[in-house]
Amino acid sequence: MEYMGSSYEGQWKHRKMEGKGAYNFPTGTKYMGEMKDGMFDGKGSLHFKNGSKYDGVWDKGIAKSGKYVFADGLEYDEEEWEYCDGFDRRFYTEICERLKPAGQSQITNIVPPLEIPDGHYDCGDGFYNPKTRVVHDHRKMKFLRNADDEEHEWITRTCRKGWDQIVGYTPTIDDSNPTFQHSPSKLDDSTTNIKETVGDSV
């Protein structure tokens, strides 16, 4: 355990973690709760570095039920989730503290927003590098996890980027379309004819 950077403080039985205790991961995540046979078993909570937590019931190291609570106190409810959905795009802090005046709109739930390193995405609990597929924490860029294909697709599709990117329709000139072709000689002749006509009329 120590060789992996983890540590444990709590009760033991037959040289195994059993009873109540606190297990510290090298990433800064901390489990506090019941243990049995060296695994999470019973009621316990995972506390993450960003201030969020997961309260659950565990069976042989596997979470069987529980709820996730964000750092700002918002509880995730899969069935009745009304936070930042396709109809209401307000952040939770905007729901609690009301919308800001025009010109002071929020772009994240955190005010002021975090500055994203070049080439990274802000995926909520850390910064994501799409080239290495690694999520680092916001503060010291420590390793948090590797993103699988599903998370990679979600982050690159929905999360805030650390660079400017022009999106939407960009018109291009098509040489095969005569509407966009330009003939300097014809334009010059037309301009000359216009000038002559105006001069004659004067």
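Tyr 23, Phe 25, Tyr 31, Phe 40, Tyr 54 and Trp 58 come together as one aromatic cluster in what is a predicted model. Besides this cluster, the briefing covers an open sheet of five strands, in which the pairing is antiparallel.

**Aromatic pairs**

- With ring centres required to lie within 6.5 Å of each other, the count of aromatic pairs comes to eleven.
- One of these pairs is formed by Tyr 23 and Phe 40, whose rings meet edge-to-face, with 6.2 Å from centre to centre and an angle of 70° between the planes.
- This pair links distant parts of the chain, since Tyr 23 belongs to strand E2 (residues 16–24) and Phe 40 to strand E4 (residues 39–47), the two residues being 17 residues apart.
- Both Tyr 23 and Phe 40 are buried.
- Tyr 54 and Trp 58 also form an edge-to-face aromatic pair, in which the centres are 6.1 Å apart and the planes stand at 80°.
- Tyr 54 is likewise buried, as is Trp 58.

**The five-stranded sheet**

- Read across the open sheet, the strands follow the order E10-E9-E8-E7-E11.
- Strand E10 (143–146) and strand E11 (160–161) are the edge strands, each of them pairing on one side only.
- Strands of a sheet pair through backbone hydrogen bonds, in either a parallel or an antiparallel manner.
- Strand E9 (residues 134–136) runs antiparallel to E10, and three bridges join the two strands.
- Within this part of the sheet, Val 135 stands opposite Arg 145, a residue of E10.

Methods
Residues numbered from 1 in each chain as written. Predicted model: local features only at pLDDT ≥ 70, side-chain atom pairs only at ≥ 80, totals over all residues. Heavy atoms only, no water. Phe/Tyr/Trp six-rings, centres within 6.5 Å; stacked < 30°, edge-to-face > 60°. Helix = DSSP H or I, 4+ residues; strand = E, 2+ residues; numbered from the N terminus. Buried < 20%, exposed > 50% of the residue type's maximum accessible area, 1.4 Å probe, protein only. Pairing = 2+ DSSP bridges.
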